[in-house]
Amino acid sequence: MKLFSSVNDVTDINALAVEALKLKADPYAFQHLGKNKTLVLVFLNPSLRTRLSTQKAAMNLGMDVMVLNIDKEGWALELRDNVVMNGTTVEHIREAAGVMGQYADIIGLRSFPGLKDRDEDYSEMVFNKFVQFCGKPVVSLESATRHPLQSLADLVTITELKTRPRPKVVLTWAPHVKALPQAVPNSFAEWMCKADVDFTIAHPKGYELSGEFTQGATITHNQQAALADADFVYVKNWSAYEPYGQMPAVTENWLLTNDSLKNTNNAKVMHCLPVRRNLELSDEILDGPHSVVVHEAGNRVWAAQAVLKQMLESL
Ligand code: CP
């Protein structure tokens, strides 16, 4: 594997999830693969889980890891071509990515969307330029439109915890106070549409995701109907795709409580984290028996390790 940016970069998602679970059972079996190999993790945006889990995964494989918070510690990056750099930007992404490629065997990049210009965000301009100019295998640590390491960890969690062969999985919108990207729900949807699950998306009117990511999903505006017989409930806020980055008013209550889960198949509740308590998810769910959010975050290590292992094997 030379690129991990979406579900389309994976030949067999079920085999990759099984490989992640094998690594969970035997984390250090492939330490030889990463000897004298360096992973450089580049962050244009904050992170807790992605940073630490990917670093831990690389260390389990015997790799050395360097982390650059380029938004805070690097030179201000110019992303546009054919501009006179007489403003605040100091270094062009062409040189910056090229130089980082000199120091790394594999590079990870996090680059969030601006949520202002949909065409620019959905072109993945920053991520794709970085891939083009660094010249090394790249793993997405979350890009403008997708978060594939999160989605793989979510598939690993569902594979590990399911109690029937084809579980019902519901992605439900949740409230928030600020406009969030569509990357996590886009990505979760495109992975679930390829997984062996019965997949439903529930959201208020106005929060339709791009059809590019939801082919095969059942889509409804009725959260309670969606939750019936669900095995897994994936909670996430996102802003509108159209009008892009906006937050259309929602009058109904979309905050899940234990009562909302009573018609599920004793559902496990998932969230990528960070989560705002009692805004996105209630205390009673997060502190109760339904929540698997911390377990899910733990699986970020094994998802990242499975991807890095495949990349190391292809060097
Ligand atoms: N879920 C996730 O990507 O968490 P971080 O933003 O903390 O990395």
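What follows is a working chat about a predicted model, its two domains and its ligand site.

Me: How is the chain divided into domains?
Reply: Domain 1 covers 3-146 + 300-314, and domain 2 covers 148-298. The model is predicted. Taken over C-alpha atoms, the centres of the two domains are 25 Å apart.

Me: How many residues does each domain give to the contact?
Reply: Domain 1 gives 30 residues and domain 2 gives 25.

Me: Which elements are on the domain 1 side?
Reply: Helix 1 (13-25), helix 2 (49-60) and helix 11 (293-313) each give two or more residues to the side of domain 1 that touches domain 2. By class, that side has 17 nonpolar, seven polar and six charged residues.

Me: OK, the ligand. What surrounds it?
Reply: The shell is S47, L48, R49, T50, E142, Q150, C272, L273 and P274. Four of the shell residues are nonpolar, three are polar and two are charged.

Me: Where does the ligand lie relative to the domains?
Reply: Between them, because domain 1 and domain 2 both give residues to the shell.

Me: Which positions does UniProt give as "binding site"?
Reply: The unreviewed UniProt entry places that feature at E142, H176, K236 and R276. E142 is also one of the residues around the ligand.

Me: Where is H176, and what does it touch?
Reply: H176 sits in the loop between strand 8 (168-173) and helix 8 (183-192). Not counting residues up to four places away in sequence, H176 touches N237, R276, L279 and E280. R276 is another of the positions in the UniProt entry.

Me: Are those two buried or exposed?
Reply: H176 is partly exposed, with 16 other C-beta atoms within 10 Å. R276 is also partly exposed, with 13. The place of R276 is the loop between strand 12 (268-270) and helix 10 (283-286).

Me: What else is in that loop?
Reply: L273 is there, and P274 too. The peptide bond joining L273 and P274 is cis, with omega about 5°. L273 has a positive phi, near 65°. Most residues other than glycine have a negative phi, and most peptide bonds are trans. L273 counts as partly exposed, with 14 other C-beta atoms within 10 Å.

Me: Where else is there a cis peptide bond?
Reply: From E242 to P243, where omega is near 0°. P243 lies in the loop between strand 11 (232-236) and strand 12.

Me: And which other residue has a positive phi?
Reply: E124, with phi near 55°. E124 lies in the loop between helix 5 (118-122) and helix 6 (125-134). With 20 C-beta neighbours inside 10 Å, E124 counts as buried.

Me: Switching to helix 7. How many residues does it have, and how far does it reach?
Reply: Helix 7 (residues 148-161) has 14 residues and reaches 20 Å from its first C-alpha to its last, close to the 20 Å expected.

Me: Why call helix 7 largely enclosed?
Reply: Because 11 of its 14 residues are buried. Among them are Q150 and D154. Q150 is also in the shell around the ligand.

Me: What is D154 in contact with?
Reply: Leaving aside neighbours within four places in sequence, D154 contacts F188, W191, Y234, M270 and E296. D154 is buried, with 29 other C-beta atoms within 10 Å. D154 and Y234 are 80 residues apart in sequence, but 9.1 Å apart in space, C-alpha to C-alpha.

Terms used. Residues numbered from 1 in each chain as written. Predicted model: local features only at pLDDT ≥ 70, side-chain atom pairs only at ≥ 80, totals over all residues. Helix = DSSP H or I, 4+ residues; strand = E, 2+ residues; numbered from the N terminus. Expected span 1.5 Å × (residues − 1). Buried ≥ 20, exposed ≤ 12 C-beta atoms within 10 Å, placed from the backbone. Domains from an automatic or database assignment. Contact = placed C-beta atoms within 7 Å. Nonpolar A, V, L, I, M, F, W, Y, C, P; charged D, E, K, R; others polar. Near = placed C-beta within 6 Å. UniProt positions renumbered as here; feature names shortened; annotations may be inferred.
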